[in-house]
Amino acid sequence: MGLAAAREYDELRPRYPQQAVEAILGSVSRAAGSLRVADVGAGTGILTRQLLAAGEDRVVRVHAVEPSGPMTQVLQETVGDEELRRRLQVHLTSAEDTGLEEGAVDVVVAAQAWHWFETGFVQREAHRILAERGVLAIVSNHLDTSDPWVHRLTRIMRAGDVHRPGWSPPLDPRLFAPPRTEEFTWSRRLTADDVRRLAATMSSWLRAGPKERARRRENLDWYLDEHTGLAGDDVVELPYLTVLHTAQRR
């Protein structure tokens, strides 16, 4: 992914509801003081920025771990506040080999990234860098397909991150306690043209060839323009479901 595509990704992809961010930070018991978080597969820093800005009764320090140079460049461009920048360290490396010291963090979080990892390796690395009684958090945003209109939209967009009810990450019981799952419902307003741009940030789109992209764009244009009657700047309310799994380090 180049720099322009990374900026487009950062602009179009959804943020996380504040309740989910607070649940991540509240998943580990800490005395007053700083909370240390490793955001693995941090991408352009969508969650990283929210974590840095979230702490009111505590100082949050974040290690953003991401192997993509263009994505980390966007991350660094978008953390504008000097105080927040002092509490951020960017590591241009993978989640499976962070380079962080043993027990370096209180929380390891993967936001919209778990499916990219070799999960056996990343669990062992998370266990290694977590402090005693630290927490692994896995959070993801999903278009809420309980709405039939949205369900059809996700099929046309080939949105691969559709929620599977009852699913939880299969964690190694030697490393982590059984995960606790929380769900948060919310919505965001996008124009029809923004929905088209959002579709082009999906991993299935990025992997597709020119013919497949043209076919998918034609189907999406038909659905938005003709089937639903949405013009380019018409606004649609997209419902989302955010799912958070947290598991304590053994």
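## Elements and the residue R13

Helices, taken as runs of H or I with at least four residues, and strands, taken as runs of E with at least two, are DSSP assignments numbered from the N terminus. In these terms, R13 of this predicted model is placed in the loop between α1 and α2, the latter covering 18-25.

With a relative accessible area of 11%, R13 is buried, and once residues up to four places away in sequence are set aside, R13 touches I46, Q112, R188, L198, T201, M202 and S203. Two of these partners appear again below: I46 is among the buried residues of α3, and Q112 has a positive phi although Q112 is not a glycine.

## Helix α1 against helix α4

Two packed helices are described by the angle between their axes and the distance between the axes. For helix α1 (residues 3-12) and helix α4 (residues 69-78), the axes come within 8 Å and cross at roughly 55°. That angle makes α1 oblique to α4, and the crossing in which α1 passes α4 is right-handed.

On the side of α1 the contact is made by L3, A6, R7, Y9 and D10, and on the side of α4 by P70, M71, Q73, V74, E77 and T78. Sorted by class, this contact of α1 with α4 holds six nonpolar, two polar and three charged residues.

## Helix α7 against helix α10

The axes of α7 and α10 come within 9 Å and cross at roughly 155°; angles over 145 degrees count as roughly antiparallel, and α7 and α10 are therefore roughly antiparallel to each other. In this contact, W149, R152, L153, I156 and M157 of α7 meet R216, N219, L220, W222, Y223, L224 and H227 of α10. The residues of the contact divide into eight nonpolar, two polar and two charged.

## Aromatic pairs

When rings are paired if their centres lie within 6.5 Å, the count comes to four aromatic pairs. In one of them, W114 and F117, the ring centres are 6.0 Å apart and the planes stand at 80°, so the pair is edge-to-face; both W114 and F117 are buried. In another, W149 and Y223, the centres are 5.7 Å apart and the planes are at 25°, so the pair is stacked.

What does the stacked pair tie together in the sequence? W149 lies in helix α7 (residues 148-157) and Y223 in helix α10 (residues 210-227), so the pair links parts that are 74 residues apart in sequence. Y223 counts as buried, at 1% relative accessibility, and W149, W222 and Y223 together form one aromatic cluster.

T228 also touches W149 and Y223, with residues up to four places away in sequence not counted. T228 itself is found in the loop between α10 and β7, where β7 covers 235-248, and T228 is partly exposed, with a relative accessible area of 26%.

## Buried positions in α3 and β5

Helix α3 (residues 46-54) is mostly covered, eight of its nine residues being buried: I46, L47, T48, R49, Q50, L51, L52 and A54.

L136 is found in strand β5 and counts as buried at 3% relative accessibility. Apart from neighbours within four places in sequence, L136 is in contact with V108, W114, A126, L130, L171, F176, H245, T246 and A247; among these, W114 is the partner of F117 in the edge-to-face pair. The C-alpha atoms of L136 and H245 are separated by 8.1 Å, with their positions 109 residues apart along the chain, whereas the C-alpha atoms of L136 and T228, 92 residues apart along the chain, are separated by 41 Å.

## Positive phi angles

Most residues other than glycine have a negative phi. Against that background, two residues can be described here. Q112, in the loop between β4 (105-111) and α6 (119-129), has a positive phi of about 60° and counts as buried at 13% relative accessibility.

R133, placed in strand β5 (residues 130-143), has a positive phi of about 65° although R133 is not a glycine. Is R133 buried or exposed? At 54% relative accessibility, R133 counts as exposed, while L136, which is also found in strand β5, counts as buried.

Note on methods
Residues are numbered from 1 along each chain as its sequence is written. This is a predicted model: local features need pLDDT of at least 70, side-chain atom pairs count only at pLDDT 80 or more; totals for chains, interfaces and linings use all residues. Side-chain values use heavy atoms; hydrogens and water are left out. Rings of Phe, Tyr and Trp (its six-membered ring) pair if their centres lie within 6.5 Å; planes under 30 degrees apart count as stacked, over 60 as edge-to-face and the rest as tilted. Buried means under 20% relative accessible area, exposed over 50%, partly exposed in between (1.4 Å probe, protein chains only). Axes are lines fitted to C-alpha atoms, for helices over the stretch in contact, and angles run from 0 to 180 degrees between N-to-C directions. Angles under 35 degrees count as roughly parallel, over 145 as roughly antiparallel, 65 to 115 as roughly perpendicular and the rest as oblique. A crossing is left-handed if the near helix is turned anticlockwise from the far one by less than a right angle, and right-handed if clockwise. Contact means heavy atoms within 4.5 Å. Ala, Val, Leu, Ile, Met, Phe, Trp, Tyr, Cys and Pro count as nonpolar, Asp, Glu, Lys and Arg as charged, and the others, Gly among them, as polar.
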